[in-house]
Amino acid sequence: MLKGFLSFISLIAAVASSTNIPRKAYVVYMGALPKVQSHGVLEEYHHSLLANAVGDEELARKSKIYSYGRSFNGFAAKLLPHEAQKLAKEKSVVSVFRSTIRKLHTTRSWDFLGLSAAASRRNTAAESDMIVGLLDSGIWMGSPSFKDDGYGEIPSKWKGHCVTGHNFTGCNRKVIGARFFNLQEIDATINQSPADEVGHGSHTSSTVAGATVDGASLYGIAGGTARGGVPAARIAMYKVCWNVGCTDADLLAGFDHAIADGVDIISVSIGGGLREFFEDPIAIGSFHAMAKGILTSCSAGNNGPGLRTVENTAPWIMTVAASTIDRDFSTVVKLGNNKKLSGISLNTFSTKKKMYPLISGGSAALPNHPNARWCDGGSLDKVKVEGKILYCLGSLDQEYTVSELGGVGVIANLMNSTEVLAVTPIPATHLSSQDSDIVEAYINATQKPKAVIMKTTTTKTEAPFLAYFSSRGPQFIARDILKPDVAAPGMNILAANTKLATIPTGKHSTFDIMSGTSMACPHVAAAAAYLKTFHPTWSPAAIKSALMTTATPLKIGESQDELGVGAGQINPTKAVNPGLIFDLSRTSYISFLCNKNHYAGTALAILAGDSSFNCSAVTPNTGSDGLNYPSMYVPVDLQATAVSAVFHRIVTHVGSGPSTYKAKVKSPMGLSVRVLPEALKFKRANETRSFKVMVKGAVAAEGNVLLKASLEWNDSKHNVRIPILAFRS
């Protein structure tokens, strides 16, 4: 009896202590939609599950945040840890995970990709019927990129809505839908509206499908005609990101609506680290989009050049790295001795004087501030800085400190390499260490040193290379799949901006220049939409395959860049006629997951939407990776002395008439790549053929291994290229 009494006391104590634990937002993911139940019925079922876990009807209603039920099944709720664990044990639940806060991955580029306005082959009528959905920070309807002059009626397939709000009075025939999601109310001070307050969503939207705007520039920099990759297409914005970030619950709500609304392509320039696929809202949402024939393009992340940093790696996602284009920016500084040095920045200011006094940070120091040469905040004397250009070590946004003290410019020593440019609040340029030494020597040798910083101009440069910040593989979740898939322009891209945000000069700009895989992702979304106008019945995997196998290999700087480039930089016009495609269905991906032990069982039956589903009834995928993927990757284990893998592939002939493709292998010394058969003969379009690739080689037991090869299928009209990579570090 005493034991029972003590247990009762312990229970009371546990309940009392749990009331002091703050409830956290969780997502309860429940797989595919039931075939017959309405959204209302689902909501009631979600409530009953939640009430059972919480133990109180009223608390359950207060705790529920949102019910997903338009495109997939699940709900979001504020839970205690033990309640989340209880829900995770329910037979109808695939996974339960915390709703974390994710982040955004933050013109000339389309001409560089060969998709020029004048020369490109276009299917304008089909393009006008194309709807691209973006999950982002909103959209600014006042931008000329989103005017609807000349656009026809909204496509009849559109089922979405336009929600108005603060600074957002409505949509038009260009931007046909807009919603916002702030389910967790992570910031009570925000304006509830689809309006873009940071510029990111407007930038990505106009990159995909912005209308043609002549004379676009950032205060004269990068001037030209701005347009999206599919300028006739329509835009649907799902605002899921706010100043503090993007929650998992909001992301899933955006996917839930976008899929049901009838979008054709989804673009998501958001990330937040690697998680198991069914604890990742982007992997979940994109899986259900794929099942409805919608390809999702996602940014690979901006955590390069480190290895194993790639994000959004589910095999049904198109994972996009950032590459450079052949346009660069130069900001020249002229010294008083007429010496000119070229640096980098985005300086929008035109010179007002011929010369300004020049002083080093160390010479402008307050007493006892040895770090003043870095121009750190609080280290400089305002009297010595005012009216002068400062020479500073490093590149740490000293322009803001100097500007606040009345300085008129900054020459910074760029001690670490960078490709990302930012608008500066006062004239500034960042020089190489070698050129910085020239500036320092001039200051030290001159009684009254002077300088002037010119406005930034554009120059031509060699490209494409992988952007240094672009995240690299390999990945951890599906370690046999090479990610990223492709690269696209993401370096210093000019596109639409919002009037609700200012650039660092304090001015508003109709267009802005941004860098990141965020900028690369919408390029691929647009390329996929462009491709779909010619091949409306192609699956997401077929579109992905065409873009991968026709991609242009990047120029490689460091050898480990190979782990970040995927198949190469997209070539949209070439992808229209790829010759062969590697196709995959929802069943293919589920079979792939069956081969991964931690995904087997009841969860996959729920995912498939079929209670009778069993992995044992699925024909097992063969080969080292178990997926008909357009790239081949061999992870080399630690202390392994051999590379060995077998890949089984099936290709579909999407050309016209009979054709014979012959295999051509390029491989390094010591790596054998054998293809069987060596020729693929097709009598007519849409026939399929299978082949096998055997990769073998010897490697040292210790040290890094990076072996790059490729297989090309050629019929004299098409060149179908498949990258092959083996790696250990």
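Which residues does Arg70 touch, not counting residues up to four places away in sequence? The first legend below gives the answer.

The structure is a predicted model, in which local features need pLDDT of at least 70 and side-chain atom pairs count only at pLDDT 80 or more, while totals for chains, interfaces and linings use all residues. Residues are numbered from 1 along each chain as its sequence is written, and side-chain values use heavy atoms, with hydrogens and water left out.

**Figure 1. Surroundings of Arg70 in the loop between strands E2 and E3.** Arg70 lies between strand E2 (64–68) and strand E3 (74–79); helices (H or I, at least four residues) and strands (E, at least two) are DSSP runs, numbered from the N terminus. Not counting residues up to four places away in sequence, Arg70 touches Leu33, His39, Asp256, His257 and Ala260, where contact means heavy atoms within 4.5 Å. The side chain of Arg70 also makes a polar contact of 3.4 Å with the side chain of Tyr66. A polar contact is a pair of N or O atoms within 3.5 Å; within protein, one must be able to donate a hydrogen and the other to accept it, and residues adjacent in sequence count only if both atoms are side-chain atoms. Arg70 counts as partly exposed because its relative accessibility is 37%; buried means under 20% relative accessible area, exposed over 50%, and partly exposed in between (1.4 Å probe, protein chains only). Between Arg70 and Ala84 the C-alpha to C-alpha distance is 23 Å, at a separation of 14 residues in sequence.

**Figure 2. Polar contacts of Thr204 in helix H7.** Thr204 is a residue of helix H7, which covers residues 200–209. With a relative accessibility of 1%, Thr204 is counted as buried. The side chain of Thr204 forms a polar contact of 3.0 Å with the side chain of Asp136 and reaches the backbone oxygen of Gly201 at 3.1 Å. Beyond its neighbours within four places in sequence, Thr204 is in contact with Leu134, Asp136, Ser269, Ser518, Met519 and Pro522.

**Figure 3. The aromatic cluster that includes Phe278 and Phe287.** A search of the whole structure finds 14 aromatic pairs. Rings of Phe, Tyr and Trp (its six-membered ring) pair if their centres lie within 6.5 Å; planes under 30 degrees apart count as stacked, over 60 as edge-to-face and the rest as tilted. The ring centres of Phe278 and Phe287 are 6.0 Å apart and the planes stand at 85°, so this pair is edge-to-face. Phe278 is buried at a relative accessible area of 5%, and Phe287 is buried at 1%. Ring pairs join these two residues with Tyr29, Phe277, Trp316 and Tyr589 in a cluster.

**Figure 4. The ring pair of Phe691 and Trp713.** The ring centres of Phe691 and Trp713 are 5.1 Å apart and the planes stand at 65°, so the pair is edge-to-face. Phe691 belongs to strand E34 (residues 688–698) and Trp713 to strand E35 (residues 705–714), so that the pair links distant parts of the chain, 22 residues apart. Both Phe691 and Trp713 are buried.

**Figure 5. The nonpolar cores.** A nonpolar core is a set of buried Ala, Val, Leu, Ile, Met, Phe, Trp, Tyr and Cys residues joined through side-chain atoms within 4.5 Å. In the largest nonpolar core, which has 113 residues, Ile266, Trp316 and Leu547 touch the most other members. Helix H13 (residues 517–534) gives the most to this core, with 10 residues. A second, separate core has 29 residues, including Val675, Leu680, Val693 and Val695. Residues in contact with Trp316, apart from those up to four places away in sequence, include Phe277, Phe278, Ala283, Met290, Leu295 and Lys544.

**Figure 6. Helix H14 and the loop before this helix.** In helix H14 (residues 540–549), 10 of the 10 residues are buried, so the helix is largely enclosed by the rest of the structure. Among these buried residues are Pro540, Lys544, Leu547 and Thr549. Ser539 is located in the loop between H13 and H14 and counts as buried at 19% relative accessibility. A polar contact of 2.5 Å joins the side chains of Ser539 and Asp583. Leaving aside neighbours within four places in sequence, Ser539 is in contact with Asp583 and Leu584.
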